[in-house]
Amino acid sequence: MATATSMATTAVFSPRLPTTHSSALPYLPPRFSTSPFSASNKLSSGSRRSQFQIKATSQESSPDDGGEILADLKEKWDAVENKSTVLIYGGGALVGLWLSATLVGAINSIPLLPKILELVGLGYTGWFVYRYLLFKSSRKELASDIESLKKKIAGTE
């Protein structure tokens, strides 16, 4: 038992050896500054102006810890006529979200399929940019298509 604690003690207090970093980020040495504001003090000293300006504003009315928000939500919930329908739709949305997350996890576990789907997504994104965003006339066409879809959804068309 004594050897286990001595091994743990030596593991904690042993000096760190330099390791090779496999990430794309360069190795940065630790900062030796004792004050977190020492760099900003150097910038603002002398004739240089500070890069940051703090502006104090006062708010005339602020909600008291969300009490007004909760009261508004309760008022809206009381105004709902079909509470059971809302609960069923909300539960169905949660089940659908869980099911889609499970499906994505299952697809992600199949070898090569996530990379193929990523390539398909990149290809579709490239096509969409070329078709709708690259030229001015196609951007106008996309904007008119979106406006007509908004009108169909709103029921004004």
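**Ser-138 and its contacts**

I started with Ser-138 in this predicted model. Setting aside neighbours within four places in sequence, I found Ser-138 in contact with Arg-131, Tyr-132 and Leu-133. Ser-138 sits in helix H6, residues 136–154. Is Ser-138 buried or exposed? I got a relative accessible area of 6%, so Ser-138 is buried, the cut-off being under 20%. I also noted that buried residues make up just 2% of the 157 residues in the protein.

**Arg-131 to Glu-141**

I followed Arg-131 next. Arg-131 makes a salt bridge with Glu-141, and the closest N and O atoms are 3.1 Å apart. Arg-131 is in helix H5 and Glu-141 in helix H6, so this pair ties together parts 10 residues apart in sequence. I logged both ends as partly exposed: Arg-131 has a relative accessible area of 30%, and Glu-141 comes in at 31%.

**The other salt bridges I checked**

How many salt bridges does a search of the whole structure find? I count four. Among them is Lys-74 with Asp-78, at 3.2 Å between the closest N and O atoms. Those two are four residues apart in helix H3 (residues 67–79), which means about one helical turn between them. Lys-74 counts as exposed at 53% relative accessibility, while Asp-78 is partly exposed at 45%.

I also looked at Lys-150 and Glu-147, whose side chains meet in a salt bridge at 3.5 Å, N to O. Both are in helix H6, three residues apart, so again about one helical turn separates them. Lys-150 is partly exposed at 49%, and so is Glu-147 at 41%.

**Length of H6**

I did a quick check on H6. At 1.5 Å a residue, its 19 residues should span 27 Å, and the end C-alpha atoms are 27 Å apart, so the two agree. Right after H6 comes Gly-155, with a positive phi near 85 degrees.

**Nonpolar patch**

I found a nonpolar surface patch of about 480 Å² made by Val-129, Tyr-130, Leu-133, Leu-134 and Phe-135. Val-129 belongs to helix H5, residues 113–133, and is partly exposed at 36% relative accessible area.

**Whole protein and the UniProt record**

I tallied six helices and zero strands. The accessible surface is about 15200 Å², with 65% of that belonging to carbon and sulfur atoms.

Where does UniProt place "transmembrane region"? The unreviewed entry puts the feature at residues 86–110 and 116–134. In the model, I see 92% helix for 86–110, with end C-alpha atoms 37 Å apart. For 116–134, I get 95% helix and 26 Å between the end C-alpha atoms.

Terms used
Residues are numbered from 1 along each chain as its sequence is written. This is a predicted model: local features need pLDDT of at least 70, side-chain atom pairs count only at pLDDT 80 or more; totals for chains, interfaces and linings use all residues. Side-chain values use heavy atoms; hydrogens and water are left out. UniProt positions are given in the numbering used here, feature names are shortened, and annotations may be inferred rather than shown by experiment. Buried means under 20% relative accessible area, exposed over 50%, partly exposed in between (1.4 Å probe, protein chains only). Accessible areas come from the Shrake-Rupley method with a 1.4 Å probe; for residues, only the protein chains shown count as cover. Patches are made of residues with over 30% relative accessible area and no salt bridge: like charges are joined within 9 Å, nonpolar side chains (Val, Leu, Ile, Met, Phe, Trp, Tyr) within 5 Å. Contact means heavy atoms within 4.5 Å. The expected span of a helix is 1.5 Å times one less than its number of residues.
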